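Here's a quick briefing to read alongside the sequence and the model. Have both open as you go through the bullets.

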Amino acid sequence: MPKNKGKGGKNRKRGKNEADDEKRELIFKEDGQEYAKCFACLVMAVVKQCVLMGSKRLCHIRGKMHKKVWIAAGDIILVGLRDYQDDKADVILKYMPDEARLLKAYGELPESTRLNEEIMPKNKGKGGKNRKRGKNEADEGKRELIFKEDGQEYAQVLRMLGNGRCEAMCADGTKRLCHIRGKMHKKVWIAAGDIILIGLRDHQDDKADVILKYWRYEARLLKSYGELPESTHLKAEIMPKNKGKGGKNRKRGKNEADDEKRELIFKEDGQEYAQVLRMLGNGRCEAMCIDGSKRLCHIRGKMHKKVWIAAGDIILVGLRDYQDDKADVILKYMPDEARLLKAYGELPESTRLNEVMKRDGS
C-alpha cells in the first residue's frame, strides 16, 4: 500500500475543479447510450440538452452526481436512452474538456460540434461576470457602435427626475419623458448631457424608453457621422476638467460650493418656491412663498453648517398638510439657479433676487 499523500481518505470532500486534474480512461458509448451536448440547465437536477443524433431530450442527473459533477450549458455528456420515454434520458457522465476534444478527434462527435472552450473567451483576469465594477470602468471596453433603427431615436438628457425617469430632447425636436429599464439600474449611470438611444412608444408620443447610453467617444463618432445635429453640445465639450481640489468628501468652505454646477431642481406636488424674509435662529427662518402666504420654515439638520441661508435667498420648501403656516426647507437655490427659475417663469417677474437687492442697496 502506498503511503498517505496527505489529501485525506476516499470519502473526503473535494472541490469543484479538483477532479478535472485526475486522468481516467476515455469511455465510449454503448448500445442504448448516446453522446449529447447540454443546451440549458434547469432546476431539480434536470438538464435540457440537444442529443447529437438530432433529438432534443429532457435528461435527469443521477443523485450520485449531485454536488460532485457540475454540468453547464455547452458541456458534452453521455446519456442513457429510455425505451419507454423517447423524449427523456438519464445522464451517465460528463466529459472533461480534453476528453471532448479526443472524442471529436476520433470522429465520435460531428465536425460541426462546437466545444465549450471554442465559444467561451478566456478569462481576462478581472474577475467573474458578477464582480463589482466601478462607475467608469465599463467606459474602457470597446463595443460596436449601434445606430438607430425604425421606432428609435437619438436624444440628449436634459435632467434626471428620479425613480428611473429622465427628461430628454430628441433629435427630431420633441421633448419626451423617458423611462430607464430596470436592467440598467445601478449598472449604467445616466446624467444630464448624456447621449442616449430611446425606443418610441406608439400609444404615447410624449414618452419613450431608454435602450442604451452612448459613451463619450461613441457620441463624438455619431456627431462626426452626421447622426446628431451640429448644434448638439456633447458632455465633454460643456463640462470643465477637474480643478484638482480634492474629492467629493473633502471639507468645503462657506462660499466654495457656489462654483459647482448641479442639475436644476423644479418644484413638485406639495412643494413651493419661497424667498427668505429674515433669519430667526435655531434653524428657523421666515419666508414669503410664491402663493402669497408667509410661513415659518424649519431648516433640516443635515443642512446645518453646510448650507448657509440668508435674507433674500430663494429656497424650495415642503408644505405641511397639518400646519399651513409652517414648512420645511428642502434646498437653497444658488444665484444662477434663481435667475434660471425666473427666466423659465417659475418665479414671478416681481421677485427681486438677492443680488439685485444688494446692488440697489449699494
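**Two exposed asparagines, then the rest**

Asn163 is exposed, because its relative accessible area comes to 72%, well within reach of the cut-off of over 50% for that label. Bear in mind that this is a predicted model. The protein chain has 362 residues, and 31% of them count as buried.

**The chain as a whole**

- The secondary structure adds up to 6 helices and 15 strands.
- The protein chain has an accessible surface of about 25,100 Å², and carbon and sulfur atoms hold 50% of that.
- Take the contacts in the protein chain with a separation of 6 or more: 52% of them are between residues 24 or more positions apart.

**Asparagines with positive phi**

- Where does Asn163 sit? Look in the loop between β6 (152-162) and β7 (165-170).
- Phi of Asn163 is near 60°, a positive value in a residue other than glycine.
- As background, most residues other than glycine have a negative phi.
- Asn282 also has a phi near 60°, again positive in a residue other than glycine.
- You'll find Asn282 in the loop between β11 (271-281) and β12 (284-289).
- Asn282 is exposed, since its relative accessible area is 73% and the label needs over 50%.

**A surface patch**

- Which residues form a nonpolar patch on the surface? They are Phe28, Leu102 and Tyr106, and together they have about 300 Å² of accessible area.
- Tyr106 belongs to the loop between α1 (97-105) and α2 (116-119).
- With a relative accessible area of 52%, Tyr106 is exposed.

**Met65, a buried loop residue**

- Met65 is in the loop between β3 (56-61) and β4 (76-81).
- Is Met65 buried or exposed? Met65 counts as buried, because its relative accessibility is 5% and the cut-off is under 20%.
- Leaving out residues up to four places away in sequence, Met65 touches Ile71, Val91, Ile92 and Leu93.
- One of those contacts, Leu93, is 28 residues from Met65 along the chain, and the two C-alpha atoms are separated by 8.4 Å.

**Salt bridges**

- How many salt bridges does a search of the whole structure find? The search finds 19.
- In general, side chains of opposite charge can pair when their charged atoms come close.
- Asp75 and Lys94 make one of these pairs, with the closest N and O atoms 3.7 Å apart.
- Asp75 lies in the loop between β3 and β4, while Lys94 is in strand β5 (residues 88-94), so this salt bridge ties together parts that are 19 residues apart in sequence.
- Asp75 counts as buried at 11% relative accessibility, and Lys94 is buried with a relative accessible area of 16%.
- Lys267 pairs with Glu272 in a salt bridge, where the closest N and O atoms are 3.2 Å apart.
- Here the partners get separate labels: Lys267 counts as partly exposed at 36% relative accessibility, whereas Glu272 is buried with a relative accessible area of 9%.
- Asp291 and Arg295 also meet through their side chains in a salt bridge, at 3.2 Å from N to O.
- Asp291 is partly exposed, with a relative accessible area of 40%, but Arg295 counts as buried at 4% relative accessibility.
- Elsewhere, Asp172, Arg176 and Asp205 are joined into one network by salt bridges that share partners.

**Helix α5**

- Which residues of helix α5 (residues 335-343) are buried? Glu337, Ala338 and Leu341 are.
- These residues cover an arc of only 100° around the axis, so they end up on the same side of α5.
- What do the buried residues of α5 pack against? Their packing partners are β11, β14 (314-319) and β15 (326-332).
- Just after α5 comes Gly345, which takes a positive phi of about 85°.

Conventions: Residues are numbered from 1 along each chain as its sequence is written. This is a predicted model: local features need pLDDT of at least 70, side-chain atom pairs count only at pLDDT 80 or more; totals for chains, interfaces and linings use all residues. Side-chain values use heavy atoms; hydrogens and water are left out. Patches are made of residues with over 30% relative accessible area and no salt bridge: like charges are joined within 9 Å, nonpolar side chains (Val, Leu, Ile, Met, Phe, Trp, Tyr) within 5 Å. Accessible areas come from the Shrake-Rupley method with a 1.4 Å probe; for residues, only the protein chains shown count as cover. A salt bridge is a side-chain nitrogen of Lys or Arg within 4 Å of a carboxyl oxygen of Asp or Glu. Helices (H or I, at least four residues) and strands (E, at least two) are DSSP runs, numbered from the N terminus. Buried means under 20% relative accessible area, exposed over 50%, partly exposed in between (1.4 Å probe, protein chains only). Contact means heavy atoms within 4.5 Å. The arc is that of the directions from the helix axis to the C-beta atoms.
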